[in-house]
Amino acid sequence: MEREHLANTLLAFMIFTTFWALYSLGEGRVDAYISMYALEYFVVKAVLRPRRATRDYLAVALFAAFAVAVALRVLEVLGF
């Protein structure tokens, strides 16, 4: 199996499992889902190193969403 197919299959399985686990635990915050999806994407990308035909715009978007979610959570903890 090619790395690209393996990476896509593994990522789909991980996202499905994460959704099922968070939903089963009653998690309702969207930032938790986005953060977990971003972390899974970067782990699969780092481990399997799939080739991309173009620039990885998904990585940029997921990193930006992750950074915003973390910043909002930190501001919430600090009381702002």
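These legends describe several close-up views of one predicted protein model.

Residues are numbered from 1 along each chain as its sequence is written, and side-chain values use heavy atoms, with hydrogens and water left out. Because the model is predicted, local features need a pLDDT of at least 70 and side-chain atom pairs count only at pLDDT 80 or more, whereas totals for chains, interfaces and linings use all residues.

**View 1. The whole chain, with three helices and zero strands.** The elements run α-α-α from the N terminus on, where helices (H or I, at least four residues) and strands (E, at least two) are DSSP runs numbered from the N terminus. The C-alpha trace spans about 50 × 30 × 15 Å along its principal axes. Of the 80 residues in the protein chain, 22% are buried; here buried means under 20% relative accessible area, exposed means over 50%, and partly exposed lies in between, with a 1.4 Å probe and protein chains only.

**View 2. The packing of helix 1 against helix 2.** The axes of these two helices are 10 Å apart and the packing angle is about 155°, which makes helix 1 roughly antiparallel to helix 2. Axes are lines fitted to C-alpha atoms, for helices over the stretch in contact, and angles run from 0 to 180 degrees between N-to-C directions. Angles under 35 degrees count as roughly parallel, over 145 as roughly antiparallel, 65 to 115 as roughly perpendicular, and the rest as oblique. Helix 1 passes helix 2 in a right-handed crossing; a crossing is left-handed if the near helix is turned anticlockwise from the far one by less than a right angle, and right-handed if clockwise. Leucine 39 lies in helix 2 and is partly exposed, with a relative accessible area of 42%. Its C-alpha atom is separated by 14 Å from that of phenylalanine 16, 23 residues apart along the chain.

**View 3. The crossing of helix 2 and helix 3.** Helix 2 (residues 30–48) and helix 3 have axes that come within 9 Å and cross at roughly 135°, so that helix 2 is oblique to helix 3. This crossing is left-handed. Alanine 32, placed in helix 2, counts as buried at 14% relative accessibility, whereas valine 70, in helix 3 (residues 57–78), counts as partly exposed at 36%. The C-alpha atoms of alanine 32 and valine 70 are separated by 9.6 Å, although these residues are 38 residues apart along the chain.

**View 4. A salt bridge between glutamate 4 and arginine 51.** A salt bridge is a side-chain nitrogen of Lys or Arg within 4 Å of a carboxyl oxygen of Asp or Glu, and by this rule the count comes to five. In the pair shown here, the closest N and O atoms of glutamate 4 and arginine 51 are 3.2 Å apart. Glutamate 4 lies in helix 1 (residues 3–24) and arginine 51 in the loop between helix 2 and helix 3, so the pair ties together parts that are 47 residues apart in sequence. Glutamate 4 is buried, with a relative accessible area of 15%, while arginine 51 is exposed, with a relative accessible area of 58%.

**View 5. Salt bridges of arginine 29 and arginine 73.** Glutamate 27 forms a salt bridge with arginine 29, and the closest N and O atoms are 2.7 Å apart. Both partners are partly exposed, glutamate 27 with a relative accessible area of 23% and arginine 29 with one of 38%. Arginine 73 forms a salt bridge with aspartate 31, with the closest N and O atoms 2.7 Å apart. This pair links distant parts of the chain, with arginine 73 in helix 3 and aspartate 31 in helix 2, 42 residues apart. Asp31, Arg73 and Glu76 are linked in a network of salt bridges, and arginine 73 counts as partly exposed at 25% relative accessibility.

**View 6. Arginine 49 in the loop between helix 2 and helix 3.** Arginine 49 has a positive phi of about 50° although it is not a glycine. Most residues other than glycine have a negative phi. At 59% relative accessibility, arginine 49 counts as exposed.
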